[in-house]
Amino acid sequence: MQQSIIQIIIPLLLIPFLLWTYFRLRLKKLAQYKSEKLGNITVIEKYNKERVLTINYYAQGISIEKKSIKQSYWFTVAESAVKFCKGKKNPRILMLGLGANTISNLIDRLNPKIHQPIVEFDDKIIQACREYFYLDQLTNFKLIQSDVYKLLAKKNAFDKNFDAIIIDIFTGDAPFVDLKSNKSDFMQKIIRYLKRDGLIIFNRPAHNEPLRNGGKELKECLSNYFKKTKLLNVKDPRGYQNNVITGSFKK
């Protein structure tokens, strides 16, 4: 009897492992870069041809061709910014953090008239996006290679203000988000470049309880500067989970 149970249990345990191995083997490594600032940057192509950029094996962005992109938090961020800019003259969106060019690429697809300055400090991220994520095919953008905190320390970091600012600053180590961008000092500096009726959007990981609590704390911090704040918890079908946190001056 015991032997029969073992004969049943072993195959049941093997099936998930074999499925995981099958899909793992169908991942194709397209490129790997060694960043002095972030660590190992890898571009992977999945079995369905979707590309993923990882930093130290943590997903930072994906290609946008698949229909399921509309269920992602990247799309939630891009769509929120584009909708907010609808009807505005010469709309401008500032991107802090490039990732895999996912959000910027989506914004360009949704409204190519929006001008996008993009701030990214790591040359290997930029290289990966140029080689595998169509960075140079964006319609209306300006790449600024700089540390955002050093840039904001300057008196006139940008020559014009923005309709929307997206903060998507991630790091190569857990918790994978740069917590300096949660601080009041950062808020005060970045708000200077937001128009009086502008929108600010934060993209934050939320795959565990401490990170979700951090998202709630960030929303509370934003309420000190904005009349209306909102937190969305977006679960991506790929298994990712992020908070999209927004603040606007008008209710």
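**View 1. The buried side of helix 4.** In helix 4 (residues 123-132), the buried residues are I125, I126, A128, C129 and Y132. They span an arc of only 160 degrees around the axis, so they end up on the same side of helix 4. Bear in mind throughout that this is a predicted model. And what sits over those buried residues? The cover includes strand 1 (28-35), strand 2 (39-45), strand 3 (51-55), strand 6 and strand 7.

**View 2. The two ends of helix 4.** At the start of the helix, look for D122: one of its side-chain oxygens comes to within 2.9 Å of the backbone nitrogen of K124. Just after helix 4 comes Y134, with a positive phi of about 60 degrees, and Y134 is not a glycine. Y134 belongs to the loop that links helix 4 and strand 7. Is Y134 buried or exposed? Neither label quite fits: with a relative accessible area of 34%, Y134 is partly exposed, as buried would need a value under 20% and exposed one over 50%.

**View 3. The four-stranded sheet that helix 4 packs on.** Here four strands make an open sheet, ordered 1-2-3-4, with antiparallel pairing. Strand 1 and strand 4 are the edge strands; each has a single partner, so one side of each is left without a neighbour in the sheet. On average, and ignoring direction, neighbouring strands of this sheet are turned by 25 degrees against each other. Zoom in on strand 2 and strand 3 and you'll find five bridges holding an antiparallel pair. For a handy landmark, take V43, whose bridge partner in strand 3 is L53. Helix 4 packs on this sheet by touching strand 1, strand 2 and strand 3, and its direction makes about 155 degrees with that of strand 1.

**View 4. Y57, another residue with positive phi.** Y57 isn't a glycine, yet it has a positive phi of about 75 degrees. You'll find Y57 in the loop between strand 3 and strand 4. How accessible is Y57? Its relative accessibility comes to 63%, so Y57 counts as exposed.

**View 5. S63 and its surroundings.** S63 sits in the loop that runs between strand 4 (58-62) and helix 2. With a relative accessible area of 7%, S63 is buried. What does its side chain do there? A polar atom of the S63 side chain lies 2.9 Å from the backbone nitrogen of R51. There's also a polar contact between the side chains of S63 and E65, at 3.3 Å. Leaving out residues up to four places away in sequence, S63 touches E50, R51, I69 and F133.

**View 6. Strand 5, covered on both faces.** Strand 5 (residues 93-96) has I93 and M95 on one side and L94 and L96 on the other, and all of these are buried. Strand 5 runs parallel to strand 8 (residues 162-167), and four bridges join the two. Along this pair, I93 stands opposite A164 and M95 stands opposite I166. Strand 5 also pairs with strand 6 (residues 116-120), in the parallel sense, over two bridges. There, L96 has V119 in strand 6 as its bridge partner. To get from strand 5 to strand 6, the chain passes through helix 3 (residues 102-110), and this β-α-β crossover is right-handed.

**View 7. The seven-stranded sheet and two of its helices.** Which order do the strands take in this open sheet? The seven run 7-6-5-8-9-11-10, and the pairing is mixed. The edges belong to strand 7 (141-145) and strand 10 (228-235); each has a single partner strand, so one side of each lacks a neighbour in the sheet. Neighbouring strands of this sheet are turned by 15 degrees against each other on average, direction ignored. Helix 2 (residues 73-85) lies across strand 5, strand 8, strand 9 (194-205), strand 10 and strand 11 (241-248). Helix 2 runs at about 175 degrees to strand 9. Helix 7 (residues 209-222) packs on the sheet too, touching strand 9, strand 10 and strand 11. The direction of helix 7 makes about 5 degrees with that of strand 11.

Methods:
Residues numbered from 1 in each chain as written. Predicted model: local features only at pLDDT ≥ 70, side-chain atom pairs only at ≥ 80, totals over all residues. Heavy atoms only, no water. Buried < 20%, exposed > 50% of the residue type's maximum accessible area, 1.4 Å probe, protein only. Pairing = 2+ DSSP bridges. Right-handed = clockwise from strand over helix to strand, strands pointing away. Axes fitted to C-alpha atoms, helices over the stretch in contact; angles between N-to-C directions. Contact = heavy atoms within 4.5 Å. Arc of directions from axis to C-beta. Polar contact = N/O pair within 3.5 Å; in protein donor to acceptor, adjacent residues only side chain to side chain.
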